[in-house]
Amino acid sequence: MSIDELEALLLVQDSDITLDQLRHRRAAMPERAELTARSADLRATEAERAEVGERHRVVLAEERRIDDEAQTVGERADEVNKRLYSGTISSPRELQAMQADIDMLHRRRSDLEDEELEVMEQRETLDSELATLDAQIASLQASVSELTATIAATEAEIDADVAREMAARATLAEPIADSLLRDYDRRRAQNRGAGAARLVGTTCQACHLTIPSTEAERVRRDAGSVVSYCDNCSAILVP
Ligand SMILES: [Zn+2]
């Protein structure tokens, strides 16, 4: 163990702090929360679109059914009308009955047309609801793809930074004995990020608490041969 290894530990720790920051930035990207929210909005809007689409389908089918029936009734009225004026029927009773039929068919068609108008209004309301929902869905889909692309690009950028930093860390860690590096890694994991700390005077720079001056002197004296730890935070002390 040498003082150089202890110095190298502090540089490795700087690199580890940078790596932690990069990983935190990757995980806490604000676009992630936004993507989750937009995706939920999209799913809800699509569900609403499906529900309104189903109502629209039913109303449109009803509109067509009424329209068909109105047409059929109209055609029947025309037929009876044609026969009425064909001159082939002379019985006044029969002619009167046919006229009554025609009147009944015209009333029926008029009722059907009123009904159709009402259903058409419902369908038109649903048309515009669907158009609004389609526009919302398109805009949400655009947001989702944009956010997904932004996240992917930022991830790639951060991953490249992480790879570079890890290579730098490996180089910095080269002069450090494996056992000391493992000791540092374990302490850093247990000590919320501080595996090693500079000892300035009698103050540990990790926890900012002081150790007795005789202890600080001993740490300085032994630095080349014995690894010393902060009594308070257990970081490896680097004089
Ligand atoms: Zn400490």
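This section describes the fold of a predicted model, from its overall form to single residues.

The secondary structure of the protein comes to five helices and three strands. From the N terminus, these elements follow the order α-α-α-α-β-β-α-β. The protein is divided into two domains, with domain 1 covering 26-173 and domain 2 covering 178-238. The centres of domain 1 and domain 2, taken over C-alpha atoms, are separated by 70 Å.

The overall form departs from that of a globule. A compact globule of 239 residues would have a radius of gyration near 18 Å, whereas the protein has 42 Å. The C-alpha trace spans about 135 × 30 × 20 Å along its principal axes. Of the 239 residues, 14% count as buried. Contacts across the sequence are nevertheless well represented: among contacts with a separation of 6 or more, 76% join residues 24 or more positions apart.

Two helices of domain 1 are described next. Helix H2 (30-84) has 55 residues. From its first C-alpha to its last, H2 reaches 79 Å, close to the 81 Å expected at 1.5 Å a residue. Helix H3 (residues 92-173) has 82 residues and reaches 117 Å between its first and last C-alpha atoms. The expected value for H3 is 122 Å, and the span is close to it.

Both helices contain buried residues. In H2, these are Arg38, Glu63, Ile66 and Val73. The cover over the buried residues of H2 includes H3. In H3, Leu105, Leu112, Leu147 and Ala173 are buried. The buried residues of H3 pack against helix H1 (3-27), H2 and helix H4 (178-190).

Two residues illustrate how H2 and H3 approach each other. Glu69 has its place in H2. The C-alpha atoms of Glu69 and Leu112 are separated by 7.7 Å, although the two residues are 43 residues apart along the chain. Leu112 is one of the buried residues of H3. Glu69 itself counts as partly exposed, because it has 15 C-beta neighbours inside 10 Å. The second residue, Ile151, lies in H3. Ile151 and Pro30 are 121 residues apart along the chain, yet their C-alpha atoms are separated by 9.3 Å. Beyond its neighbours within four places in sequence, Ile151 is in contact with Met29, Glu31, Arg32 and Leu35. Ile151 counts as partly exposed because 16 C-beta neighbours lie inside 10 Å.

The strands come together in one sheet. Three strands form an open sheet in the order S2-S1-S3, and the pairing is mixed. S2 and S3 are the edge strands, each pairing on one side only. Helix H1 packs on the sheet and touches S1 and S3. The direction of H1 makes about 110 degrees with that of S3.

The two pairings in the sheet differ in sense. Strand S1 (residues 196-200) and strand S3 (residues 236-238) pair in the parallel sense, over three bridges. Within this pair, Arg198 stands opposite Val238 of S3. S1 and strand S2 (residues 203-204) pair in the antiparallel sense, over two bridges. Here Val200 has Thr203 in S2 as its bridge partner. S1 and S2 form a hairpin with two residues between them. In the turn of this hairpin, Gly201 has a positive phi of about 65 degrees.

Positive phi values also occur outside glycine. Most residues other than glycine have a negative phi. His208 has a positive phi, near 60 degrees, and is not a glycine. His208 is found in the loop between S2 and helix H5 (213-222). With 11 other C-beta atoms within 10 Å, His208 is exposed, because 12 or fewer such neighbours meet the cut-off. Ser234 is not a glycine either, and its phi is positive at about 65 degrees. Ser234 sits in the loop between H5 and S3. Ser234 is partly exposed because 18 other C-beta atoms lie within 10 Å, while 20 or more are needed for a residue to count as buried.

Note on methods: Residues are numbered from 1 along each chain as its sequence is written. This is a predicted model: local features need pLDDT of at least 70, side-chain atom pairs count only at pLDDT 80 or more; totals for chains, interfaces and linings use all residues. Domain bounds come from an automatic or database domain assignment. Two strands pair if DSSP finds at least two bridges between them. Helices (H or I, at least four residues) and strands (E, at least two) are DSSP runs, numbered from the N terminus. Two residues are in contact if their C-beta atoms, placed from the backbone, lie within 7 Å. The expected span of a helix is 1.5 Å times one less than its number of residues. The radius of gyration is taken over C-alpha atoms; the globule rule is 2.2 Å times the number of residues to the power 0.38. Axes are lines fitted to C-alpha atoms, for helices over the stretch in contact, and angles run from 0 to 180 degrees between N-to-C directions.
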